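This report goes through a single protein model, from its overall contacts to its core and one of its sheets.

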Amino acid sequence: MDGTTIKTNSMIVRGNYTGLREGTYITEGATTTFTPSTPFMIGEQISVTLTTEVQSSAGTSLVSSYSWEFSIQSRSGTGVFDDRTAFGTGLYPQNIVTSDFDNDGNLDIAGSNDRENSASILMGVGDGSFEERVDYAAGSGSSGISASDLNGDGNPDLVITNRSDNTISILLGNGDGTFAVKADYPVGEDPTAAYAADFNGDGHIDIAVSAFESDSISVLLGSADGMFSTITDYLAGDGPGDITGTDLDGDGNIDLIVTNRWSNTISLFIGIGNGSFAAKFDYDTGSRPSSVIATDIDGDTISDLVIANSSGGEQPASEEVIVTLAAGSGTIAGQLTVEYQ
Ligand SMILES: [Ca+2]
Ligand SMILES: [Ca+2]
Ligand SMILES: [Ca+2]
Ligand SMILES: [Ca+2]
């Protein structure tokens with residue numbers, strides 16, 4: 001590889017707690033070593049994108065961008081938790097996300113408040129406790145929340161889905177724990193969750209939103225300033241609730257996974273790499289799938305899916321978690337069901 005073509009804007013490194021990262025790049029042969037200027041945080045999810053600016057030593061550009069993710073390993077605990085401590089939020093808190101919003105090395109919490117149309121920010125003290133919340137206005141029916149450095153300034157930002165007014169709110173972080181006034185974008189009906197990553201490998205974060213009432217997902221492509229222009233909708237199953245992403249088929253393009261509450265399925269959308277997605281294909285889940293995460297369960301370096309099924313009062317009840325082992329080709333290798341009470 002031509003090491004002079006591998007730099008901040010061609011090998012883009014982001015952490016979900018610390019945003020866009022700068023550091024040094026040292027290339028020897030086919031190996032590049034990136035050393036961040038400040039360490040990644042324990043448990044942090046790191047995403048890397050190689051853009052087409054990367055060239056071989058013969059001057060040939062990468063044919064298409066390539067992305068992958070990994071996590072910083074955390075130390076093993078005992079699996080036993082201390083007594084709970086309660087911290088106040090707004091009314092009807094829906095979802096939370098953790099990130100380091102003021103770059104002090106302590107994880108902070110952001111939560112969405114359905115009845116107050118707001119997000120609460122609780123700054124981490126570093127000893128497991130949190131300061132009193134500070135609220136920022138979001139849209140009506142604030143529900144899903146995710147943190148990502150949308151404008152690449154190194155400060156984590158927030159995406160909040162607003163179920164009642166069919167929008168998402170973008171709150172750009174100032175890096176000191178405060179946020180700028182929201183900017184809203186229209187999406188499908190009843191947006192419940194958002195997932196942010198770089199879908200087209202241009203170095204700018206994009207957003208996918210599940211829209212429960214319109215049985216669709218909305219994909220918004222981002223630009224350098226954290227603004228979003230193109231919005232494309234894709235048909236999902238019945239009642240798409242949660243959404244996440246990972247590269248399921250190992251082609252370097254982020255793929256999307258959506259839980260469909262009423263059709264008892266997940267939909268997979270394979271990323272083309274240009275910001276668009278192939279038509280979905282579906283896999284059966286348990287009853288009323290409500291949540292999905294992508295993580296490597298069996299340690300084969302291929303992302304698997306963990307799906308919570310809420311049953312929704314159905315009889316017989318089927319409160320269970322389904323672990324879906326991915327085959328690395330975008331297909332499903334097998335499923336394990338873990339019942340819980
Ligand atoms: Ca912090
Ligand atoms: Ca930012
Ligand atoms: Ca992008
Ligand atoms: Ca892929």
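## Contacts and overall form

In this predicted model, residues 24 or more positions apart account for 45% of the contacts with a separation of 6 or more, a contact being two residues whose C-beta atoms, placed from the backbone, lie within 7 Å. Local features need pLDDT of at least 70 and side-chain atom pairs count only at pLDDT 80 or more, whereas totals for chains, interfaces and linings use all residues. Residues are numbered from 1 along each chain as its sequence is written, while chains are lettered from A and ligands numbered from 1 in the order in which they are written.

The protein has 26 strands and zero helices, where strands (E, at least two residues) and helices (H or I, at least four) are DSSP runs numbered from the N terminus. Its C-alpha atoms fill a box of roughly 65 × 45 × 45 Å along the principal axes.

## Nonpolar core

Of the 341 residues, 45% count as buried, meaning that 20 or more other C-beta atoms lie within 10 Å of the residue's own. The largest nonpolar core (buried Ala, Val, Leu, Ile, Met, Phe, Trp, Tyr and Cys residues joined through C-beta atoms within 7 Å) has 54 residues, and Ala194 and Ile207 are among those with the most contacts inside it. Strand β15 (residues 191-197) gives the largest share of this core, five residues.

## A four-stranded sheet

An open sheet has the order β11-β12-β13-β14 with antiparallel pairing, two strands being paired if DSSP finds at least two bridges between them. The edge strands, β11 (142-148) and β14 (183-186), each pair on one side only. Between β11 and β12 (residues 157-162) there are five bridges, and isoleucine 145 stands opposite isoleucine 160 in β12.

Technical notes:
Buried ≥ 20, exposed ≤ 12 C-beta atoms within 10 Å, placed from the backbone.
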